[in-house]
Every structure is written in structure tokens, then in C-alpha cells.
Amino acid sequence: MTTTYLPTHPDYLDEADVRGELTRVFDICGGCRSCAELCDTFPMLFDLLDRRAAPGVPPDAGRLTPAEQDGVVDSCIQCKACVAQCPYTPGAHPWSVDIPRLVLRGRAMQHDAGIRSLRSRLLGQVAGRPALVAKLAAVLPGTAARIGGAPFVAPRFSKWFARRALGSTTERPLTVTLVPTCVVEYHEPSIGTEFIELADANGIGCSLSSARCCGAPWLHSGDIEHFAKTARKNVARLAAEVRRGTDIVVLDPTCRDVVRVGFVDHVGNGDADLVAAHTLDAADHAALVEQIRRGRTP
């Protein structure tokens with residue numbers, strides 16, 4: 001088994017290697033159990049471990065079947081709450097446990113081995129094309145909502161942004177490039193409009209990024225080939241924007257983590273590192289602005 005979270009590693013997609021690593025990490029989690037109340041994934045894992053345990057013997061993740069392993073992997077929603085609580089994360093402990101990234105490796109292995117169901121593959125294909133689904137929403141809103149998992153609203157955030165009365169941002173001491181993400185662009189534009197209003201009130205100039213969907217649907221479904229293509233295009237766009245002198249604000253936390261971690265893992269060049277170093281969420285940016293205003297170096 002190999003402990004790696006980098007898709008460039010030669011054993012990243014090897015099924016036997018991935019399953020050995022799942023066993024190693026599940027044994028560690030089964031002995032710790034500090035994440036039992038964070039989400040549904042860990043109670044599922046611990047229940048499977050306890051049901052498979054021999055009388056008088058500690059739970060052994062090696063007793064789980066491949067299907068049971070896959071069930072745990074598929075249950076993760078990538079909230080990453082466990083990363084904040086885990087005492088064994090990479091860099092903090094030699095056991096190097098990162099459940100969300102291990103789950104992504106597990107799903108990539110499933111996709112490569114043809115284990116993922118046809119339904120999962122089709123949903124990933126559709127979810128990875130939000131602009132196309134948004135066009136469908138204009139004609140068949142009910143069908144698009146069922147496919148996309150949430151209603152599509154009009155106007156889209158980018159259209160609202162283009163129509164708003166813009167004052168000159170060239171004289172403002174602080175500027176930011178905003179990535180609204182698919183959630184804000186298609187489903188909850190009010191999140192973006194409220195951020196812009198707060199930025200205006202605080203003298204912060206905002207421009208809209210040319211980046212498209214970050215590719216999270218591809219990544220989370222295990223289709224790392226499609227994700228890497230999407231990531232490379234977005235990295236090039238975002239890096240150019242950073243070099244023009246602005247930080248990047250990503251309003252959805254899942255997409256922010258994809259930009260900070262997923263792009264680095266799957267693109268792995270200097271531009272990806274540059275983008276990750278300059279990517280903030282709304283709370284990060286608010287804290288940075290406050291530090292600058294008080295005359296402190298971030």
C-alpha cells in the first residue's frame with residue numbers, strides 16, 4: 001500500500017494499493033473515533049468495523065469487503081470537517097491521514113476500474129457541465145432542477161454584475177477578483193450581491209473572474225481526466241488575474257478548497273501554486289482587509 005494523495009503517483013489508481021491504504025486509514029480512524037459525530041461517513045465506518053469484529057478482538061478494517069469500503073468512500077460529501085479535527089493529518093503526524101483526499105483517490109480508482117455505477121458516471125458528466133444545465137433550465141426548469149440538485153434562478157449572478165452601476169475601481173486602494181462559483185452563479189446569486197454590496201461599502205473594488213466551474217463535480221465523481229483539463233484552463237486564467245495585482249475570492253468553500261488543493265495536486269505547476277497562495281474565501285478576505293487597515297502586515 002502507498003500513502004499518497006497525488007494523482008501523478010504511479011500507484012494512485014492501482015486498486016489493490018488503494019484498498020490497502022483504505023484499510024490502513026480505516027484502522028486508524030476505528031481506533032480514534034474522534035470524528036464520530038461530524039458526518040454520516042464515520043458512523044457508517046465504525047458500525048461496519050464493529051459488526052465485522054471478532055469477539056474479544058479489536059476491530060480490524062481488513063475484514064471489510066471491497067463493497068463496504070466503497071460504501072464508506074461514496075458516503076463522504078467532502079465537507080472536510082474531519083480535517084480540522086484529525087490529529088493525524090499530513091505534516092502534523094507521520095500517519096498522514098487525510099480522509100477527503102483519500103476518498104477522492106478511492107473514487108478515482110473506482111472510475112478507472114469501471115466500478116462506479118452508470119448512474120454515478122452520468123450524473124458526474126451532467127454536473128460537470130453547469131452552463132449546459134443552466135441553458136436547459138430556461139426551457140425545462142423542473143427537469144434541470146432535478147438534474148442539478150437545486151433550482152436555477154434568473155438572472156444569473158454574472159448578468160446582474162454586468163448590469164450594475166459600476167463606479168471606477170482604479171482609485172480604490174484594495175481590489176479583488178471574484179469567483180462566484182456555480183452555487184452563486186446559478187442558484188444563490190444573493191450571496192454574491194451581498195458580498196459586492198459589502199465590498200462597495202468598504203471601498204473595495206471588485207472584478208469578475210474569467211474562471212469557469214472549478215471542476216468539483218468531475219473531481220468528486222472520480223473522473224480526474226476531465227477534472228485536470230478543467231483545472232489547467234482555470235489555473236491559467238486565475239494566474240493571469242493574480243499577476244494583474246489582485247487576490248482571488250472564491251465564495252463557495254468547497255470550490256475554494258478545490259482551487260487551493262485540487263488544482264495544486266492535479267496541475268502541479270508554479271501557476272497552480274501562485275493561485276493557491278492568493279485564493280481566499282469571503283471571511284479570509286475580510287480578515288485581510290482588517291489587518292491592512294490597522295497597518296499590520298498579513
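This is a short selection-by-selection tour of two helices and some aromatic rings in a predicted model.

**Stop 1: helix 1**

Start by selecting residues 15–32, which make up helix 1. Its 18 residues should span 26 Å at 1.5 Å a residue, and the end C-alpha atoms are indeed 26 Å apart, so the length agrees.

Now step back to Asp14 and show its side chain. Asp14 caps the N-terminal end of helix 1, with a side-chain oxygen 3.4 Å from the backbone nitrogen of Ala16. Then jump to the other end: helix 1 is followed by Arg33, where phi is positive, near 60°.

Next, colour the buried residues. Helix 1 has charged names in that set, including Asp17, Arg19, Glu21 and Arg24. Val18, Leu22, Val25, Phe26, Ile28, Cys29 and Gly30 are buried there too. What do the buried residues of helix 1 pack against? Bring up helix 2 (41–52), helix 3 (66–75) and helix 5 (99–113), and you have the partners on screen.

**Stop 2: helix 11**

Select 189–201 for helix 11, a run of 13 residues. From first C-alpha to last it reaches 19 Å, close to the 18 Å expected at 1.5 Å a residue.

Highlight Pro189, Gly192, Thr193, Phe195, Ile196 and Ala199, the buried residues of helix 11. Look down the axis: they cover an arc of only 160°, which puts them on the same side of helix 11. The spacing rule to keep in mind is that an α-helix has 3.6 residues a turn, so residues three or four places apart point the same way.

Swing round to the other side of helix 11 and pick out Leu198 and Ala201, which are exposed. Before moving on, click Gly203, just after helix 11, which takes a positive phi of about 70°.

**Stop 3: aromatic rings**

How many aromatic pairs are there, counting ring centres within 6.5 Å? The count comes to five.

For one of them, select Phe227 and Phe263: this pair is tilted, at 6.1 Å centre to centre with 40° between the planes. Phe227 sits in helix 13 (residues 224–243) and Phe263 in helix 14 (residues 253–267), so the pair ties together parts that are 36 residues apart in sequence. Are these rings buried or exposed? Phe227 is buried, with a relative accessible area of 0%, and Phe263 is buried as well, at 1%.

Finish by selecting Phe157, Trp160 and Phe161, which form one aromatic cluster.

Note on methods:
Residues are numbered from 1 along each chain as its sequence is written. This is a predicted model: local features need pLDDT of at least 70, side-chain atom pairs count only at pLDDT 80 or more; totals for chains, interfaces and linings use all residues. Side-chain values use heavy atoms; hydrogens and water are left out. Helices (H or I, at least four residues) and strands (E, at least two) are DSSP runs, numbered from the N terminus. The expected span of a helix is 1.5 Å times one less than its number of residues. Buried means under 20% relative accessible area, exposed over 50%, partly exposed in between (1.4 Å probe, protein chains only). The arc is that of the directions from the helix axis to the C-beta atoms. Contact means heavy atoms within 4.5 Å. A polar contact is a pair of N or O atoms within 3.5 Å; within protein, one must be able to donate a hydrogen and the other to accept it, and residues adjacent in sequence count only if both atoms are side-chain atoms. Rings of Phe, Tyr and Trp (its six-membered ring) pair if their centres lie within 6.5 Å; planes under 30 degrees apart count as stacked, over 60 as edge-to-face and the rest as tilted.
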